[in-house]
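Biologist: Could you take me through one part of this model in some detail? I would like to follow the strands and the charged side chains around them.

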Amino acid sequence: MLHDRVLVRTDIPEGERRSTGGIVIPATAAVGRRLAWAEVVAVGQSVRTVEPGDRVLYDPEDRAEVEVRGVAYVLMRERDLHAVAAERLEGSDDSTGLYL
């Protein structure tokens with residue numbers, strides 16, 4: 001990875017989803033602008049706020065997809081991340097583990 005780039009693997013494949021009530025929502029259903037969670041796989045040398053293994057919140061519409069060894073990843077800049085959730089940040093007393 002170069003510079004401020006972050007490589008993430010999405011949590012949920014695109015397609016059919018289920019609501020919390022168990023209703024199946026087809027992939028063709030129009031959904032408002034939603035952010036998505038993903039796991040950081042690799043980071044460039046200039047990335048300061050995330051590490052591999054962290055979960056990040058990002059806009060799935062602003063992404064560049066890449067396939068490596070049959071696995072789909074999303075490549076983005078660090079500045080395109082909206083939040084970071086990491087277990088390593090939960091150790092301090094005043095930390096929620098989620099940074100926006």
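Which residue in β7 stands opposite glutamate 67?

Modeller: Happy to help, and please keep in mind that this is a predicted model. The residue facing glutamate 67 is alanine 72 in β7. Behind that pair is an antiparallel pairing of strand β6 (residues 64–68) with β7, made over 5 bridges. The hairpin of β6 and β7 has 2 residues between the strands, and arginine 69 takes a positive phi near 50 degrees there.

Strand β7 (residues 71–77) also runs antiparallel to strand β1 (residues 5–10), with 4 bridges joining the two. In that pairing, valine 6 stands opposite methionine 76.

Now for the charges: the structure holds 3 salt bridges. Aspartate 4 forms one with arginine 77, where the closest N and O atoms are 3.5 Å apart. This contact links distant parts of the chain, since aspartate 4 sits in the segment before β1 and arginine 77 in strand β7, 73 residues apart. Aspartate 4 also meets arginine 5 in a salt bridge, at 2.9 Å from N to O. Together, Asp4, Arg5 and Arg77 are linked in a network. Aspartate 4 has 18% relative accessibility and so counts as buried, the cut-off being under 20%. Arginine 5, at 26%, is partly exposed, and arginine 77, at 29%, is partly exposed too.

Another salt bridge brings together the side chains of glutamate 39 and arginine 9, at 3.5 Å from N to O. Glutamate 39 belongs to strand β4 (residues 36–43) and arginine 9 to strand β1, so this pair ties together parts 30 residues apart in sequence. Glutamate 39 is partly exposed at 31% relative accessibility, and arginine 9 is partly exposed at 32%.

Notes: Residues are numbered from 1 along each chain as its sequence is written. This is a predicted model: local features need pLDDT of at least 70, side-chain atom pairs count only at pLDDT 80 or more; totals for chains, interfaces and linings use all residues. Side-chain values use heavy atoms; hydrogens and water are left out. Two strands pair if DSSP finds at least two bridges between them. A salt bridge is a side-chain nitrogen of Lys or Arg within 4 Å of a carboxyl oxygen of Asp or Glu. Buried means under 20% relative accessible area, exposed over 50%, partly exposed in between (1.4 Å probe, protein chains only).
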